[in-house]
Amino acid sequence: MSAALESLLDLLDLEQIEQDIFRGMSRSAVVPRVFGGQVAAQALVAAGRTVPDDRGAHSLHAYFLRPGDPGAPIVYSVDRIRDGRSFTTRRVVAVQHGKPIFHLSASFQVHEDGMDHQAVMPSAPDPESLPTAAEMLPRYADRFTDPRMVDRLLEARAAVDLRYVDAPPFATAGEPREPRSQVWFRTHGKLADDPLLHVCMATYVSDMTLLDSVLLAHGRGGWSVGDVVGASLDHAMWFHRPFRADEWLLYDQESPSASGGRGLGQARIYTADGKLAITVIQEGLVRVPRG
């Protein structure tokens, strides 16, 4: 296991300070605020720790309310909304400096057998044939206005092996493309056999690239290039089938719409053997800077 992954696991191992109240820390991100995937994953950890072990997370719906301060702890307060025979529902509010910064509702379900069908996995190259971030990012160092950006991106993603199938937005800024993007990802090391941990890790990664397809449609390079400003607004995930976040997952993303200063991304995450594991939808604030 890499040191970066160990550090991320420590970040997700929240401190319980009272019944249904947890505290988490943050770490630096590419942008000067708490990374959205981090606060979503930590909130899901908090919710999951109040749920019986026989109930796995099957969905979450979240809103990003305020930018998080990476220099201050985050307090997660869990409301036990419902404990039914098959489903358990939790609501989590993340608070910093006395104000809510994030709200999450999550639902958990006892395993059941039932009808089963899925969308077919799209074609994608073998992830092992694609360049790693350390191999790919330095090629585009001249695209970034901040000379430290390559190192900052590598540090932010050091716990995850994330490989682009096609060129990322910052590589083709100024050239509008089809609003579709694919990446393969897995953690840099094996994880414990805890289903909640794998769900939380996928939640963490899901916020890294989902809005790329919005940028591609308009030939924008993204936050690291500086030709757009924005932030995540809301985020929803449905967990369909078991998966491991330490094994290759294909994140197939597209943007059906952008309007009103907002862009929508939707995606499906497949296991390497073709099982549809997760569906993700996110809307983000996407604005062109005023000159």
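**Entry 1: buried residues and overall form**

I started with burial: of the 291 residues in the chain, 48% are buried. I kept in mind that this is a predicted model. Next I looked up the outside, and the chain exposes about 13800 Å², with carbon and sulfur atoms supplying 51% of that area.

For the overall form, I compared the radius of gyration with the value for a compact globule. A compact globule of 291 residues would come out near 19 Å, and the chain has 18 Å, so the two agree. I also noted that the C-alpha trace spans about 55 × 45 × 40 Å along its principal axes.

Then I listed the building blocks: the chain has six helices and twelve strands. I checked the contacts too. Among those with a separation of 6 or more, 72% are between residues 24 or more positions apart.

**Entry 2: how confident is the prediction?**

I looked up pLDDT, the predictor's confidence in each residue. The average over the chain is 93, and 98% of the residues score at least 70. Where is confidence lowest, and where is it highest? I found the lowest in helix 4, with a mean of 88, and the highest in strand 5 (residues 87-96), at 98.

**Entry 3: helix 4**

That sent me to helix 4 (residues 149-156), where I found Met149, Val150, Leu153 and Ala156 buried. Why do I say they share a side? They cover an arc of only 135 degrees around the axis, so they sit on the same side of helix 4. These buried residues pack against helix 5 (195-209). On the face turned away from the buried side, I noted the exposed residues Asp151 and Glu155.

**Entry 4: salt bridges**

A reminder to myself: side chains of opposite charge can pair when their charged atoms come close. I counted 18 salt bridges in the structure, and I followed up a few.

My first pick was arginine 49 with aspartate 13, whose side chains meet at 2.7 Å, N to O. Arginine 49 is in the loop between helix 2 (36-48) and strand 3 (55-64), while aspartate 13 is in the loop between helix 1 (3-12) and strand 1 (15-18), so this pair ties together parts 36 residues apart in sequence. I also checked the accessibility of arginine 49: it is partly exposed, at 39%.

My next pick was arginine 262 with glutamate 283, a salt bridge of 3.0 Å, N to O. This pair links distant parts of the chain, with arginine 262 in strand 11 (residues 262-271) and glutamate 283 in strand 12 (residues 276-287), 21 residues apart. Arginine 262 is partly exposed, with 35% relative accessibility.

Then I turned to aspartate 146 and arginine 148, whose closest N and O atoms are 3.2 Å apart in their salt bridge. Are these two buried or exposed? Aspartate 146 is buried, at 14% relative accessibility, whereas arginine 148 is exposed, at 55%. I also saw that Asp146, Arg148 and Arg152 are linked in a network of salt bridges.

**Entry 5: a glycine in a strand**

Last, I looked up glycine 230, which lies in strand 9 (residues 229-239). Its relative accessible area is 18%, and the cut-off for buried is under 20%, so glycine 230 counts as buried. Which residues does glycine 230 touch, leaving out those up to four places away in sequence? I found Arg33, Trp223 and Leu285. I also checked serine 213, which is 17 residues from glycine 230 along the chain; their C-alpha atoms are separated by 14 Å.

How values were computed
Residues numbered from 1 in each chain as written. Predicted model: local features only at pLDDT ≥ 70, side-chain atom pairs only at ≥ 80, totals over all residues. Heavy atoms only, no water. Salt bridge = Lys/Arg side-chain N within 4 Å of Asp/Glu carboxyl O. Helix = DSSP H or I, 4+ residues; strand = E, 2+ residues; numbered from the N terminus. Buried < 20%, exposed > 50% of the residue type's maximum accessible area, 1.4 Å probe, protein only. Arc of directions from axis to C-beta. Contact = heavy atoms within 4.5 Å. pLDDT = per-residue confidence, 0-100. Rg over C-alpha atoms; globule rule 2.2 N^0.38 Å. Areas by Shrake-Rupley, 256 points an atom, 1.4 Å probe, with all protein chains shown as cover.
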